[in-house]
Amino acid sequence: MSDHRDARAVRDVHAFIAGLPKAELHVHHVGSASPRIVAALAARHPDSRVPTDPEALADYFTFTDFAHFVEVYLSVVDLIRTPEDVQLLTYEVARDMARQQVRYAELTITPFSSTRRGIDERAFMDAIEDARKAAEAEFGTVLRWCFDIPGEAGLESAEETIRLATDDRLRPEGLVSFGLGGPEIGVPRPQFKPYFDRAIAAGLRSVPHAGETTGPETVWDALTDLRAERIGHGTSSARDAKLLAHLAEHRIPLEVCPTSNIATRAVRTLDEHPIKEFVRAGVVVTINSDDPPMFGTDLNNEYAVAARLLDLDERGLADLAKNAVEASFLDEAGKTKLTAEIDSYTSAWLAR
Ligand SMILES: Nc1ncnc2c1ncn2[C@@H]1O[C@H](CCC(=O)c2cccc(C(=O)O)c2)[C@@H](O)[C@H]1O
Ligand SMILES: [Zn+2]
């Protein structure tokens, strides 16, 4: 292929991705605050130390390691102080998703971080639900929630998160799953088993982060003790052939977030990312953005990265998008509809 045609092919793939209807399964609520949203929140709370100028913000969002990332993340959490802030963040995140043709997203929310900072729990639930309904009506993007335990904040945070997720008077209609985030080093997964047992008994699905910054044994713990149905990241699974075979056989999808893994220094370079090994082993791979503005990315860019790393054409990209629909917690009718939308978009594109 000549350089000229190469460049055109890449442009074409980007245009295809931009219009491709997509589902996103691993994306954090606070971690999705774009410079536009950060500026709006900081204008409400001028004492904040988070910069609002986009260039300064890009600098601020350059991380030395995972611990530094969590420190910066928590400074953005500190910008969210009222139920109105929660509503604004959630609604505006949905607007950014809709612009990328994201039709369905499971958004990971850490309610503990808000309630411990004094936001009333009832008002918090009302704020996210108001935003969810408005986003669906106005942007056509369907949102669902994953409530996650911030592991580093200890069992007190696990207790608070499970209470908020299972108390019938509080539990929001959009809640579908239960997660575990934050640092893994020094935060063993098995201690959270009783909380995942309670979540699963209440009908929630188990989707912990595992194997992002620690080895494959953490992924095994997530499968065995937390009964994970999908794994957040699971990057280090590539180091354990038996684990890869297990994930493939039981069709346990990985929520792969390539750019995030580089930004938090979990993986050295994109070319060393194990996504190819996952696909080669037959593991179901989904593509996600994690904390897109913090990592200078968005879901469309993550699909473009995957296209390059996996050498995918439009059909291959559509298959990735369909993996996410299949691995989602949408009902069967919703899955069938979104899959058909992906297929008809792809056929129309290829028939141009
Ligand atoms: N790639 C990621 N991998 C893992 N997690 C990620 C990723 N991206 C975003 N997160 C989020 O980071 C939070 C970390 C928050 C946390 O540990 C903490 C500790 C102590 C106190 C408090 C508090 O609020 O007072 C919070 C998690 O809840 C998670 O949702
Ligand atoms: Zn994450």
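This passage describes a metal site, two groups of paired strands and a helix with its surroundings in a predicted model.

The zinc ion (ligand 2) is held by four residues, with donor atoms at 2.0 to 2.3 Å. Three of the donors are the NE2 atoms of His26, His28 and His209, and the fourth is an OD atom of Asp290. Along the chain, these donors of the zinc ion (ligand 2) are spaced as H-x1-H-x180-H-x80-D. Four donors count as tetrahedral if all angles lie between 85 and 135 degrees. Around the zinc ion (ligand 2), the donor atoms subtend angles of 85 to 174 degrees, and the arrangement is therefore irregular. For comparison, the ideal angle for four tetrahedral donors is 109.5 degrees. Histidine 26 and histidine 28 are both buried.

A run of parallel pairings links strands S2, S3, S4 and S5. Strand S2 (residues 102–109) pairs with S3 in the parallel sense, over six bridges. Within this pairing, isoleucine 109 has phenylalanine 147 of S3 as its bridge partner. On S4 (residues 175–181), phenylalanine 147 stands opposite phenylalanine 178. The connection from S3 to S4 passes through helix H8 (residues 154–166), and this β-α-β crossover is right-handed. S3 and S4 are parallel and are also joined over six bridges; another of their facing pairs is proline 150 and glycine 181, the latter in S4.

S4 is in turn joined by two bridges to strand S5 (residues 205–206), and these two strands run parallel. Here serine 177 has arginine 205 of S5 as its bridge partner. A right-handed β-α-β unit is made by S4, helix H9 (residues 193–201) and S5. Burial was examined for S3 and S4. Of the nine residues of S3 (residues 142–150), eight are buried, so this strand is largely enclosed by the rest of the structure. In S4, seven of the seven residues are buried, so S4 too is largely enclosed by the rest of the structure.

A further group of strands forms an open sheet of four, in the order S6-S7-S8-S9 and with parallel pairing. The edges are taken by strand S6 (209–210) and strand S9 (285–287); each has a single partner strand, so one side of each lacks a neighbour in the sheet. S7 and S8 are parallel and share two bridges, and glycine 232 has glutamate 255 of S8 as its bridge partner.

Strands S7 and S8 also contribute to the surroundings of helix H11 (residues 241–249). The buried residues of H11 are Leu243, Leu244, Leu247 and Ala248. Viewed down the helix axis, these buried residues fall within an arc of 135 degrees, so they line one face of H11. In an α-helix there are 3.6 residues a turn, so residues three or four places apart point the same way. The face of H11 turned away from the buried side carries exposed residues, namely Ala241, Lys242 and Glu249. The cover over the buried residues of H11 includes helix H10 (216–224), strand S7 (231–233), strand S8 (254–256) and helix H13 (275–280).

Leucine 223 lies in helix H10. Its relative accessibility is 12%, and it therefore counts as buried. Beyond residues up to four places away in sequence, leucine 223 touches Ala228, Ile231, Leu243, His246, Leu247 and Ile252. Two of these contacts, Leu243 and Leu247, are among the buried residues of H11. Leucine 223 is also 9.4 Å from serine 206, C-alpha to C-alpha, at a separation of 17 residues in sequence.

Conventions:
Residues numbered from 1 in each chain as written. Chains lettered and ligands numbered in written order. Predicted model: local features only at pLDDT ≥ 70, side-chain atom pairs only at ≥ 80, totals over all residues. Heavy atoms only, no water. Donors = N, O, S within 2.8 Å, 3.2 Å for Na, K, Ca; no water. Tetrahedral: all angles 85-135°; square planar, octahedral: opposite > 155°, others 65-115°. Buried < 20%, exposed > 50% of the residue type's maximum accessible area, 1.4 Å probe, protein only. Pairing = 2+ DSSP bridges. Right-handed = clockwise from strand over helix to strand, strands pointing away. Arc of directions from axis to C-beta. Contact = heavy atoms within 4.5 Å.
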